[in-house]
Amino acid sequence: VYLYMGMRRGGDAYYALDVTDRSNPKLKWQIDSTTTGFGDLGQTWSTAKLSKIKWNCDSDGENCTYKVVLIFGGGYDTIHDTAVAPTTGDSGNTVYIVDADTGSLLWSAGKGSGHDLNLSDMENSIVSDVIPGDIDGDGAIDVMFATDIMGHFWRFDINSTTTSASNFATGAMIADFSGSATSNLRRFYNSPDVSFFTPRGQSAFFVVSNGSGYRANPKEEIIADRFYSLFLNDVYDAPRDTNGNVSYTKLTDSDMFDATSTAADKYTNAPDGYYINVSGTGEKVLSNSLTFAGITYFTSYLTRGSSNLCGVDIGSGLLYAMDILTGEGLIDDDRTLNLTHGGIASSPVLIFTSNDDGSTTPILCIGTECFKDGDEGLPIKSDSMIKKTYWREQ
């Protein structure tokens, strides 16, 4: 039994412990910014995601080694505690893949020739988790998504005939939602929420969602924060141009449909995706979103929760529930409901409870506030809506 951990504000290291014998834990390995190949590490906020990759395949993509690995973003640069303008050259502006058993560096993406994938525009800290996906179901990941703190979304596509680190993956910035003015200098601390759709009669696509909020200064009230959802059509392979060459398109705010008051539609007004403005006083998204059965749930924080001027105001929270494909609210024709507890709310979590008939009931919890389907008008579809009765392969 191995335990992997970073340090958050405590430092720039990752640790692996062997806790098979709980009374005698052992340090398995440690890496930090002084370890060869990890000079770009910032404070280690990103959860190390356990995954499998194909490694050292032959030219036909056969006879591969399946390696168990850890995938994580480069971390946090404390310049963002006080920065009032866009930054460049942050620490943590990287994505790393390491051998889970030894901690040895297998692959990295970042700015400069010291990385296997050199991306000259990867300037900012990747604070949140990197999200890997296995699209073809062969047990090894095919794609990864990340968001850096200044609002750049990144995609990495794994080469199916990987023979070495130098050709392990392609990747690029797929969206740039960074701002320069004080009112739109949005920060993204949350992990991308990636969901997969195959509408009947249409091509499959990804929805990649994330919300902004200045976690280092939660009481600020100037920045106009947003929740974004991108539609990405290339699912089973990296995006390619008409000549068959890998080619990534970079989306900006002008490509996104404003679905704050009008429903988005991928096939008409929002081919690339949409955003909604979170417009309460100082409202910001400070936790990860969750997409389940076509519904996206996330919480937001409002700086003011009380009109009592004589006490400490810790702020208040909202729970959002909306159709991920349109941005429409699903709580009695609204998007939000007020949370009972004040302060910064937790990320939504689904818990499945067993019933006497063998079925399960999903319960949505925000910290200690929990809801079943229909509570407060909140839709939480039962597992019968997604029970596998057939499948198809492409």
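This is a short tour of a predicted model, with a few stops to select in your viewer.

**Stop 1: the largest nonpolar core**

Start by selecting Ile53, Ile71, Ile97, Trp107, Met144, Phe156 and Phe168. These residues touch the most other members of the largest nonpolar core, which has 24 residues. Now colour the strands that feed it: β4 (49-55), β5 (65-73), β6 (94-99), β7 (105-110), β10 (143-147), β11 and β12 each put in at least two residues.

Next, zoom in on Met144. Leaving out anything up to four places away in sequence, Met144 touches Ile71, Ile97 and Trp107, and its other partners include Val130, Ile131, Pro132, Trp154 and Phe156. Arg155 and Ile158 are also among the residues that Met144 touches.

Before moving on, pick out Phe153, Ala172, Ala175 and Val235. They are among the 20 residues of another core that lies apart from the largest one.

**Stop 2: the second largest pocket**

Show the surface and select Ile158, Asn159, Ser160, Tyr236 and Asp237. Of the 24 residues lining the second largest pocket, these are the closest to its centre. The volume of this pocket is about 440 Å³.

Which elements give two or more residues to the lining? They are β11 (152-158) and β12 (169-176). If you colour the lining by residue type, you get 10 nonpolar, 6 polar and 8 charged residues.

**Stop 3: Pro192**

Now head for the loop between β12 and β13 (193-197), where you'll find Pro192. Is Pro192 buried or exposed? With a relative accessible area of 4%, Pro192 counts as buried because that is under the 20% cut-off.

To see what packs around Pro192, select Ser128, Asp129, Ile131, Phe145, Ala146 and Thr147, then add Val208, Ser209 and Asn210; Pro192 touches each of these, with residues up to four places away in sequence left out. For a sense of scale, draw a distance from the C-alpha atom of Pro192 to that of Glu393: the two are 201 residues apart along the chain and separated by 25 Å.

**Stop 4: Ser229**

Keep Ser209 selected and go to Ser229, in strand β15 (residues 226-232). The side chains of Ser229 and Ser209 make a polar contact at 2.8 Å. Ser229 is buried, with a relative accessible area of 0%.

Finally, bring up the surroundings of Ser229. Setting aside neighbours within four places in sequence, its contacts are Val207, Val208, Ser209, Met256, Asp272, Gly273, Tyr274 and Ile324. Val208 and Ser209 should look familiar from the previous stop, as Pro192 touches them too.

Methods: Residues numbered from 1 in each chain as written. Predicted model: local features only at pLDDT ≥ 70, side-chain atom pairs only at ≥ 80, totals over all residues. Heavy atoms only, no water. 1 Å grid on protein atoms, 1.4 Å probe; cavity = no way out; pocket = protein on both sides within 12 Å on 5 of 7 lines; lining within 4 Å. Points joined across faces, edges and corners; volume = space filled by probe spheres on them. Helix = DSSP H or I, 4+ residues; strand = E, 2+ residues; numbered from the N terminus. Nonpolar A, V, L, I, M, F, W, Y, C, P; charged D, E, K, R; others polar. Buried < 20%, exposed > 50% of the residue type's maximum accessible area, 1.4 Å probe, protein only. Polar contact = N/O pair within 3.5 Å; in protein donor to acceptor, adjacent residues only side chain to side chain. Contact = heavy atoms within 4.5 Å. Core = buried A, V, L, I, M, F, W, Y, C linked by side-chain atoms within 4.5 Å.
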